[in-house]
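Dear colleague,

I am handing over the structure below, and after it I set out what was found in it. Please read the notes with the coordinates open beside them.

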Amino acid sequence: PMADDAVAADDAAPPGAKDAGDDGGSEYSYSSSSRSRSPRGNGSRPSTDDAVPPLGLGAVATLQGLAKAPELNGCQVIVTAGPDSNSRWEVLCFPAAGAAPSDELRRISVSADKLQQVPLPGSTRLRLRNVPSGYDTDLLREEIEDEGFMEGESFSHLLFDRVNRFAYLTVASHRVAMQVVANFDGRRLE
């Protein structure tokens with residue numbers, strides 16, 4: 001089973017944080033005659049500023065200031081869990097250029113000050129769960145592109161975590177995120 005419970009991590013804010021689409025000042029209309037949840041006023045979705053969202057699940061970051069593994073400084077990573085009780089985040093390193101698809105990805109635990117988040121304004125983070133273990137990042141890329149989503153245009157930073165059977169990707173907008181979820185939710189990949 002692929003994404004029978006796909007998760008839109010939508011900026012993956014920590015528990016208790018405001019929703020990414022909530023600017024704190026918008027009021028929503030909940031009239032009994034309408035099922036609309038559109039903001040009062042001009043009818044458009046509340047605008048989000050270009051600020052980098054808080055560090056969270058699916059965030060893309062660059063490692064910096066590592067003393068015990070200096071060879072990883074400058075590597076891009078995806079945040080896969082955290083923070084733990086020691087305020088450390090689990091990250092999965094993107095493969096090095098020229099690495100074989102079968103090579104195991106490096107997973108490390110780092111403090112937040114070692115992560116420089118990559119700003120991706122307007123984007124939405126996704127995590128697809130229950131991806132078959134026989135898949136790899138290249139095969140997932142092919143599946144996603146077969147559905148009409150082009151890397152660089154619709155999505156970026158695709159990475160498959162074979163150990164946990166999760167795929168992480170960043171999509172260009174909330175609308176694209178909803179289309180990806182609609183295309184893959186409940187779909188069985190073989």
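A polar contact is here a pair of N or O atoms within 3.5 Å, where within protein one atom must be able to donate a hydrogen and the other to accept it, and where residues adjacent in sequence count only if both atoms are side-chain atoms. The side chains of His157 and Ser156 are joined by such a contact, at 2.9 Å. Please keep in mind throughout that the model is predicted.

His157 itself belongs to strand S8, and with a relative accessibility of 17% it counts as buried. If neighbours within four places in sequence are left aside, His157 is in contact with Val60, Gln76, Ile78, Phe94 and Leu120, and also with Tyr168, Leu169 and Thr170.

As for the overall layout, the secondary structure consists of two helices and nine strands, and along the sequence these follow the pattern β-β-β-β-β-β-β-α-β-β-α. The protein has 190 residues, of which 37% count as buried. Among the contacts between residues at least 6 apart in sequence, 61% join residues that are at least 24 apart.

Two nonpolar cores deserve a look. The largest has 19 residues, and Leu140, Leu169 and Val171 are those with the most contacts inside it. Strand S7 (124–128), helix H1, strand S8 (155–161), strand S9 (166–171) and helix H2 (174–184) each supply at least two residues of this core, and H2 gives the largest share, five residues. There is also a second, separate core of 15 residues, which includes Leu66, Leu72, Ile108 and Leu115. To return to Val171, when residues up to four places away in sequence are not counted, Val171 touches Ser123, Thr124, Leu126, Ser154 and Phe155, together with Val176, Ala177 and Val180.

Helix H1 can be described in some detail. The buried residues in H1 are Thr137, Leu140, Arg141, Glu143 and Ile144. These residues lie on the same side of H1, because they cover an arc of only 160° around the axis. S8, S9 and H2 are among the elements that cover the buried residues of H1. The N-terminal end of H1 is capped by Asp136, a side-chain oxygen of which lies 3.1 Å from the backbone nitrogen of Asp138. Asp138, which is found within H1 (residues 137–146), counts as partly exposed, with a relative accessibility of 42%. Between the C-alpha atoms of Asp138 and Leu158, which are 20 residues apart in sequence, the separation in space is 9.0 Å. Just after H1, Gly148 takes a positive phi of about 95°.

Turning to the strands, S3 (residues 76–81) and S4 (residues 88–93) run antiparallel and are joined by four bridges. They form a hairpin with six residues between them, and in the turn Gly82 has a positive phi of about 130°. S4 also pairs with strand S5 (residues 107–111) in the antiparallel sense, over five bridges, and the bridge partner of Leu92 in S5 is Arg107. On the side of S3, Val77 has Cys93 in S4 as its bridge partner.

That last residue leads to the cysteines: why do Cys93 and Cys75 not form a bond? The sulfur of Cys93 is 5.6 Å from that of Cys75, the closest cysteine sulfur, and this is too far for a bond, because a disulfide requires the two sulfur atoms to be within 2.5 Å. A search of the whole structure likewise finds zero disulfides. As to their surroundings, Cys93 is buried, with a relative accessible area of 4%, whereas Cys75 is partly exposed, at 23%.

Cys75 appears again around Thr62, which has its place in strand S2 (residues 60–63). Not counting residues up to four places away in sequence, Thr62 touches Gly74, Cys75 and Gln76, and further along the chain Lys114, Leu115, Gln116 and Val118. The C-alpha atoms of Thr62 and Gln117 are separated by 6.3 Å, although the two residues are 55 residues apart along the chain. Is Thr62 buried or partly exposed? At 21% relative accessibility, Thr62 counts as partly exposed, because the class of buried residues is limited to those under 20%.

With best regards

Conventions: Residues are numbered from 1 along each chain as its sequence is written. This is a predicted model: local features need pLDDT of at least 70, side-chain atom pairs count only at pLDDT 80 or more; totals for chains, interfaces and linings use all residues. Side-chain values use heavy atoms; hydrogens and water are left out. Buried means under 20% relative accessible area, exposed over 50%, partly exposed in between (1.4 Å probe, protein chains only). A nonpolar core is a set of buried Ala, Val, Leu, Ile, Met, Phe, Trp, Tyr and Cys residues joined through side-chain atoms within 4.5 Å. Contact means heavy atoms within 4.5 Å. The arc is that of the directions from the helix axis to the C-beta atoms. Two strands pair if DSSP finds at least two bridges between them.
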